[in-house]
Amino acid sequence: AVVVVVVDGVFGLASAAKVFFDLSPAWSEPLGLSTLAVSWIPLAMWSVGMVLCQTEQELLAGVTPALMVYILAAPWACYTSGIIAAVPLVLMGALHCLLFLPLPSENPDSNPFHV
């Protein structure tokens with residue numbers, strides 16, 4: 001589970017860097033700095049938090065927002081870029097859903113995600 005959350009954080013940092021460099025020329029615009037502040041900074045903070053998750057409680061708190069991001073981003077990616085762009089998001093969402101299955105079957109209580 002830690003690997004999945006760290007991968008989320010790394011991809012989030014890559015997305016934050018892309019947003020930062022795409023919006024950097026807009027700093028001279030009247031709303032350029034505020035646009036950067038409400039788009040890049042929260043994504044970067046969330047991504048760093050995901051990379052630093054270590055305990056079971058942090059992982060439980062971090063997986064749910066990541067799952068919501070994938071569920072909401074997949075239709076948007078499908079609409080704007082086609083179904084091929086949505087496939088990785090659907091796969092990552094399915095991987096996050098798999099965390100909540102009662103695995104291993106001989107001791108499902110060892111899985112912190114299974115309730």
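Here is a short chat about how to read the predicted model shown above.

Colleague: Before I look at anything, what should I know about how the model is treated?

Modeller: It's a predicted model, where local features need pLDDT of at least 70 and side-chain atom pairs count only at pLDDT 80 or more, while totals for chains, interfaces and linings use all residues. Residues are numbered from 1 along each chain as its sequence is written, and side-chain values use heavy atoms, with hydrogens and water left out.

Colleague: And what is the mean pLDDT here?

Modeller: General idea: pLDDT is the predictor's confidence in each residue, from 0 to 100. Where pLDDT is low, the predicted coordinates should not be read in detail. In this protein the mean is 89, and 100% of residues reach 70 or more. Among the elements, helix H4 (residues 83-98) has the highest mean, 93, and helix H2 (residues 32-51) the lowest, 89.

Colleague: How many helices and strands does the protein have?

Modeller: Both are DSSP runs, numbered from the N terminus: helices are H or I with at least four residues, strands are E with at least two. Here you get four helices and zero strands, so to speak α-α-α-α when you read along the sequence. The C-alpha atoms fill a box of roughly 60 × 30 × 15 Å along the principal axes.

Colleague: What share of the residues is buried?

Modeller: Buried means under 20% relative accessible area, exposed means over 50%, and partly exposed is in between (1.4 Å probe, protein chains only). Buried residues make up 23% of the 115 in this protein. As for the surface, areas come from the Shrake-Rupley method with a 1.4 Å probe, and for residues only the protein chains shown count as cover. The protein exposes about 7,500 Å², with 77% of that supplied by carbon and sulfur atoms.

Colleague: Which residues make the nonpolar surface patch?

Modeller: A patch takes residues with over 30% relative accessible area and no salt bridge (a side-chain nitrogen of Lys or Arg within 4 Å of a carboxyl oxygen of Asp or Glu); nonpolar side chains (Val, Leu, Ile, Met, Phe, Trp, Tyr) are joined within 5 Å, like charges within 9 Å. Here Ile83, Ile84, Val87 and Leu91 make one of about 430 Å². Take isoleucine 83: it lies in helix H4 and is exposed, at 59% relative accessible area.

Colleague: How many aromatic pairs does the structure hold?

Modeller: Rings of Phe, Tyr and Trp (its six-membered ring) pair if their centres lie within 6.5 Å; planes under 30 degrees apart are stacked, over 60 edge-to-face, and the rest tilted. This structure holds three such pairs. One of them, phenylalanine 20 with phenylalanine 21, is edge-to-face, at 5.4 Å centre to centre and 75° between the planes. Phenylalanine 21 is exposed at 60%, whereas phenylalanine 20 is partly exposed at 21%.

Colleague: What about phenylalanine 20 and tryptophan 40: how far apart are their ring centres?

Modeller: They sit 4.9 Å apart with planes at 45°, so that pair counts as tilted. It links distant parts of the chain, with phenylalanine 20 in helix H1 and tryptophan 40 in helix H2, 20 residues apart. Tryptophan 40 is partly exposed, at 27%. Ring pairs link Phe20, Phe21 and Trp40 into a cluster.

Colleague: Last one: which residues does a cis peptide bond join?

Modeller: Leucine 103 and proline 104, with omega about 0°. You'll find proline 104 in the segment after H4.
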